[in-house]
Amino acid sequence: MSTDPPATRTARRPLPPLIAGLAAALLVSLLCCTALGAAGIGWGRTLHYLHAGLTGGTITADELPAYNVVWELRLPRALLAAVVGAGLSAVGVAVQAMVRNALADPFVLGISSGAAVGANAVLIFGALGSLGVWALSGAAFTAALLSMALVYAVARTRQGLTPLRLVLTGSAMYYGFSAVTTLMVFGAERGEAARSAMMWLLGSLGGASWASVPVAAAVVLAGTGCLLWWGRSLNALAMGDETATTLGVDPDRLRRLLFVVTAAVTGAVVAVSGAIGFVGLMVPHVARMLVGADHRRVLSVAPLLGAVLLVWVDVVSRLLLAPIELPVGVITALIGVPCFVALMRRRGYVFGGA
């Protein structure tokens, strides 16, 4: 029996040209994100500085400040935006299949709010100061893993992990961790620390650096690779546990594996960007509209779509009220809400491809 969902067999859009087009769009988006900013540097000088950074070219003393803006600030930020967008989108596809809920996103398991507790402990109280620049991301990632373990322990029964228990447990933990974070923010003695905490909670790429990109990129790449490898099994899981079992897929074991992978990727991206909503919710649906419901095809397209989206969202967040920088999560919500409403009103679209 085929594990391909019916919607997949009707999708005729060729996949390789679409992937090539999205890859080209991502490259152009990265260049635009690096060139655009409150400090007017210009396209010519931006390309010159990128070429110098990639090839080890010579930069004069008077060019050094602009070069540092392009190479040390904007480029790693653009790359991190692409990594975070890709990770959230891939995890969104997996979570929606895992809990069989088209309204699920990477934060439905309560992992992001758990990471927020760790991050705010650093921002507000200076915890783990001995770790230096790694204190924030290390605390957020560790707290994300601990919250994952707590959600798993509470949701698991002798019958295994069920979608309903995962959603309910994750939602309850989300509100619990959010309450702890709110208490920390209100208890902060330093106003600037509370402001930094709120920026992080709403999502921000302002802390991007070359040190933060490789680790997040490695986790996202490995997690997306695992999800692509399990694409056929995800198709079976999305049809229900009984159907998956008849197709030779152990739903409980697969759900455990998905839980670990999605938690690791979510923890890694939240640790470097804060809580950015709507990307993991909306992008999977857009990808299904383009290529059908087959998870192998969706997971080939969704990370690229998410990367392009978040790169441009970061551009808007920096330029809309420049020199004031808006939280990235505010822009994704402003874009995501009307898009979601339009998607619900779109005749003929069934959420999740079911």
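This report walks through the overall make-up of the protein, two of its helices, a surface patch and one buried serine.

## About the model

This is a predicted model, in which local features need pLDDT of at least 70 and side-chain atom pairs count only at pLDDT 80 or more, while totals for chains, interfaces and linings use all residues. Residues are numbered from 1 along each chain as its sequence is written, and side-chain values use heavy atoms, leaving out hydrogens and water.

## The overall picture

The protein has 15 helices and zero strands; helices (H or I, at least four residues) and strands (E, at least two) are DSSP runs, numbered from the N terminus. Of its 354 residues, 50% count as buried. Buried means under 20% relative accessible area, exposed over 50%, and partly exposed in between (1.4 Å probe, protein chains only).

Contact means heavy atoms within 4.5 Å. Among contacts with a separation of 6 or more, 76% are between residues 24 or more positions apart. About 16,000 Å² of the protein is exposed, with carbon and sulfur atoms supplying 68%; these areas come from the Shrake-Rupley method with a 1.4 Å probe, and for residues only the protein chains shown count as cover.

## Helix α2 and its surface patch

Helix α2 covers residues 15–35, and its end C-alpha atoms are 30 Å apart, in agreement with the 30 Å that its 21 residues should span at 1.5 Å a residue. The expected span is 1.5 Å times one less than the number of residues. Buried residues of α2 include L15, L18, L22 and L26. Their cover includes α3 (43–55), α4 (64–98), α13 (279–291) and α14 (295–319).

On the surface, L27, L31, W43 and L47 form a nonpolar patch with about 390 Å² of accessible area together. Both α2 and α3 give two or more residues to this patch. Patch residues have over 30% relative accessible area and no salt bridge (a side-chain nitrogen of Lys or Arg within 4 Å of a carboxyl oxygen of Asp or Glu), and nonpolar side chains (Val, Leu, Ile, Met, Phe, Trp, Tyr) are joined within 5 Å. L31, found in α2, counts as partly exposed because its relative accessibility is 32%.

## A buried serine in α5

S113 lies in helix α5 (residues 111–125) and counts as buried because its relative accessibility is 5%. A polar atom of the S113 side chain lies 3.0 Å from the backbone oxygen of G110. Leaving aside neighbours within four places in sequence, S113 is in contact with M173, Y174, F177, S178 and T181.

Technical notes:
A polar contact is a pair of N or O atoms within 3.5 Å; within protein, one must be able to donate a hydrogen and the other to accept it, and residues adjacent in sequence count only if both atoms are side-chain atoms. Patches are made of residues with over 30% relative accessible area and no salt bridge: like charges are joined within 9 Å, nonpolar side chains (Val, Leu, Ile, Met, Phe, Trp, Tyr) within 5 Å.
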